[in-house]
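Trainee: I'm new to this one and keep tripping over the labels. Could we go through them and check what earns each one?
Mentor: Sure, let's put it up and start.

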Amino acid sequence: MKNTITVCLLLLFFLGYSQNKKSISGRVTSNNQPIPGATVSLLKTTFVAQTDSLGHYFFSKIPNGNYTIQVMANGFQTKNKNINIKDPQEIVLHFELTITENQLDEVVVSGTLKPVKRLENPVPVEIISATFLKQNPTSNVLDALQNVNGLRPQNNCNVCNTGDIRINGLDGPYTMVTIDGMPIVSALGTVYGLSGIPNAMIDKIEVVKGAASTLYGSEAVGGLINIITKKPFAVPLFTADVFTTSWLETNVDLGYKANIGSKATALFGVNYFTYNNPIDNNKDNFTDVSLQNRASFFSKININRASKKEFSLVSRYLYEDRWGGEMQWNKSFRGGDQVYGESIYTSRYEFLGKYELPVTEKMFFQFSVIGHDQNSVYGNSTFLANQKIAFGQFIWDKNWNNHSVLFGTALRYQFYNDNTPATATANHSKIYSAFAQDEITQNEKTSTLIGLRYDYNDNHGSIFTPRFAFKFKPTPTDILRFNFGTGFRIINLFTEDHQALSGAREVVIQSNLKPETSYNLNLNYLKKFKLTNAGVLNLELASWYTYFTNRIFANYDINPNQIIYDNLNGNSTIFGLSANADWVSPFGLKANLGTSYYDAMTTQDGVSLRPLFTERYSISWGFSYDIPNWFLSFDFTGNLTGPMRLPLLSELDPRREISRPYSIQNIQITFKKIHNLELYTGIKNLLNWTPNRGNPFLIARANDPFDKNVQVDNSGAVIPTADNPFALTFDPTYAYGPNQGRRLFLGLRYHFD
């Protein structure tokens, strides 16, 4: 009897529970096509879901009450619905979303450090969505940007494959990288700042092309790449993205969301990449691509404050063991002169935070702490470097009448030491900064932005960085923007230039180097078209001009065995034109096409030359097409890079001084029928292009990497001999494109809420 009563009570309990805890399910579509990866949330609750590959979402065990359900997806207008849960049956609620103006209504922060709609921003900001990153899956953000107009990942070495990212034809060290707007300021930031962040953790990437030093200081001369990570409450409980290639590269991205009591929500991510399959397709006895094991751990914590003010903490740790060299190399040869290898051990940590002050005004404190330790050998040359950076910044965001004002003050401290002759003692430097900008809205069509930054560096003194922007919007579908700004950069030579590290050339510093200064003009025009029954088309045209004074000039031409560094006795300029078109159709086709032209020139002592590694032009594209009835999507991405000047070692060097144009193209097919699971496969580098095409060799003197059989005259010049008919020394820096040929890839993405 007691057991019967107990069972009845339990049944009554569960019946009551089920009547008070309901479920909601439905589908999110646009033009009857599913939208995967859309975020569905019950506002002011912890209920958050993400649509699967078929557009379905599901909530369970929801208490009775009134709610607002919100659906958000990149490229679509956000939609809200009010619901009242009191019926015991399951609620089925479908959403039909409308295509936005192709990301023009999205809010961006990178251009002005204030949240502004992209179309209303006086500073042009380009958005790279998480969907774009999936079109061509890569193991790091650096490679993922290869199909963005005006951006080009640069391979700086044929042995260790160190690289950086170029913006509008300018070298990687002129690019600043930030995470959630918080700077990971470091001369190594463009290399390691773009590696090891799990792609599943990235919400979008904002790119500012042109000088941004007024807000961001040193390094932001050529532009800014701001990686914006997802908010912990808006992601699934678990995500996984795993792929491998026919070269036996394997990349694993894992993400996990957790609630830390009622006070915080955390997002944890792990990225692991491994490649341990030496390949020598060009038959020079050197690995075509460096081998590596890389592990990165990422976390983001949002503190839930009663005031609803923002408080977030981001941390990341990266470890990398990477090597390239002769095929028979192993770690027993590290640092010796018997078998040549370049081996790099890197340990890097980043800790960043943003705290909104508990005051009535909108005031923030941001900080970042970076540590970078590098142990590298290049043959028998050793490079040991340690860098620590602490950065703190206060920002006051104030609006009144037609003025939108931003005030800020910052302090940056840097410790740097290495074992090169240029750093006889450890370097300690500080930069004290204050900046202000005011965006004045004259009327609905025009606004003006004026800014000024003052920096004081204990080595270089006072630096002023002004900024001016003007926006004219004659119609709701046209916008014209003019920007002028100056940039500056504090130099760390030996963290940036592989030629200086490898021991292949002697480093000569002519004088005390001064900080670089640049002046940048940018004119941008954007037009949006609403096509009848054909979706939305955006066309963007831009022109820019950058003039450098005090630019650090690395001269490779005076002596083939030396790199001579000095401030320019002259000037350096770059003029550019670009066009970009984005089209989102209502029938499943999305396309973007961009092209850029660069005219760069460096004048030193009255002699003008095109800078090394600056291409004449570039074209990039991406096409995506969904076939819902087949549960398939197709992606075709690629780029075409024009000719560039390359470094030769002597007049007899038989390699091309001007490269031929080359194209890297990729295709991908994604299958989306299985709930919460996507399977994808494709081909990278479809045309099987590598830099050795049209060249007799890439690495000079690969058969004698320690120059044991090189003969020189009394002045140090190399003498042609029967063994060395082209008068060369070992040099792996004739590198300008990816060394990997065609390869297949296969992967899967999975999540659950």
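Mentor: One definition to begin with: two strands pair if DSSP finds at least two bridges between them. Keep in mind that this is a predicted model.

Trainee: What makes strand 12 and strand 17 a pair, then?
Mentor: They share 4 bridges in the antiparallel sense, and the cut-off is at least two, so they count as paired. To see one of those partnerships, take isoleucine 128, whose bridge partner in strand 17 is isoleucine 205.

Trainee: Which sheet do they belong to, and why is strand 12 called an edge strand?
Mentor: They sit in an open sheet of 5 strands, ordered 12-17-18-15-16, with mixed pairing. Strand 12 (126-129) and strand 16 (182-183) are its edges, as each pairs on one side only. In the whole protein there are 44 strands, along with 6 helices.

Trainee: How do you know that lysine 204 and glutamate 206 form a salt bridge?
Mentor: Their side chains meet at 3.7 Å, N to O. The limit is within 4 Å, so the pair qualifies. Lysine 204 has 9% relative accessibility and therefore counts as buried, while glutamate 206 counts as buried at 0%. The cut-off for buried is under 20%.

Trainee: What about aspartate 321 and lysine 331: buried or exposed?
Mentor: They get separate labels. Aspartate 321 has a relative accessible area of 12%, so it is buried. Lysine 331 has 47%, so it is partly exposed, since exposed would need over 50%. Their side chains meet in a salt bridge at 2.6 Å, N to O. Aspartate 321 is in strand 23, lysine 331 is in the loop between strand 23 and strand 24, and they are 10 residues apart.

Trainee: Which parts of the chain does the bridge between lysine 672 and aspartate 626 link?
Mentor: That salt bridge spans 3.7 Å, N to O. It links the loop between strand 42 and strand 43, home of lysine 672, to strand 40, where aspartate 626 lies, 46 residues apart. Lysine 672 counts as buried because its relative accessibility is 15%, and aspartate 626 is partly exposed because its value is 26%. The structure holds 21 salt bridges, and Asp241, Glu678 and Arg749 are linked in a network of them.

Trainee: Why is phenylalanine 468 called partly exposed?
Mentor: Its relative accessibility is 31%. Partly exposed lies between under 20% and over 50%, so the label fits. Phenylalanine 468 lies in strand 30, and it helps make a nonpolar surface patch of about 950 Å². A patch residue needs over 30% relative accessible area, so 31% is enough on that count. Strand 30 gives the most to the patch, with 3 residues.

Trainee: Last one: how do you know that asparagine 695 is buried, and what does it touch?
Mentor: Its relative accessibility is 10%, so it counts as buried; the cut-off is under 20%. Asparagine 695 is in the loop between strand 43 and strand 44. Its side chain reaches the backbone oxygen of proline 691 at 3.3 Å, and the limit for a polar contact is within 3.5 Å, so this one counts. Setting aside neighbours within four places in sequence, asparagine 695 is in contact with Arg655, Arg656, Tyr734 and Tyr736. For the wider view, 58% of the 753 residues count as buried.

Key
Residues are numbered from 1 along each chain as its sequence is written. This is a predicted model: local features need pLDDT of at least 70, side-chain atom pairs count only at pLDDT 80 or more; totals for chains, interfaces and linings use all residues. Side-chain values use heavy atoms; hydrogens and water are left out. Patches are made of residues with over 30% relative accessible area and no salt bridge: like charges are joined within 9 Å, nonpolar side chains (Val, Leu, Ile, Met, Phe, Trp, Tyr) within 5 Å. Accessible areas come from the Shrake-Rupley method with a 1.4 Å probe; for residues, only the protein chains shown count as cover. Helices (H or I, at least four residues) and strands (E, at least two) are DSSP runs, numbered from the N terminus. Buried means under 20% relative accessible area, exposed over 50%, partly exposed in between (1.4 Å probe, protein chains only). A polar contact is a pair of N or O atoms within 3.5 Å; within protein, one must be able to donate a hydrogen and the other to accept it, and residues adjacent in sequence count only if both atoms are side-chain atoms. Contact means heavy atoms within 4.5 Å.
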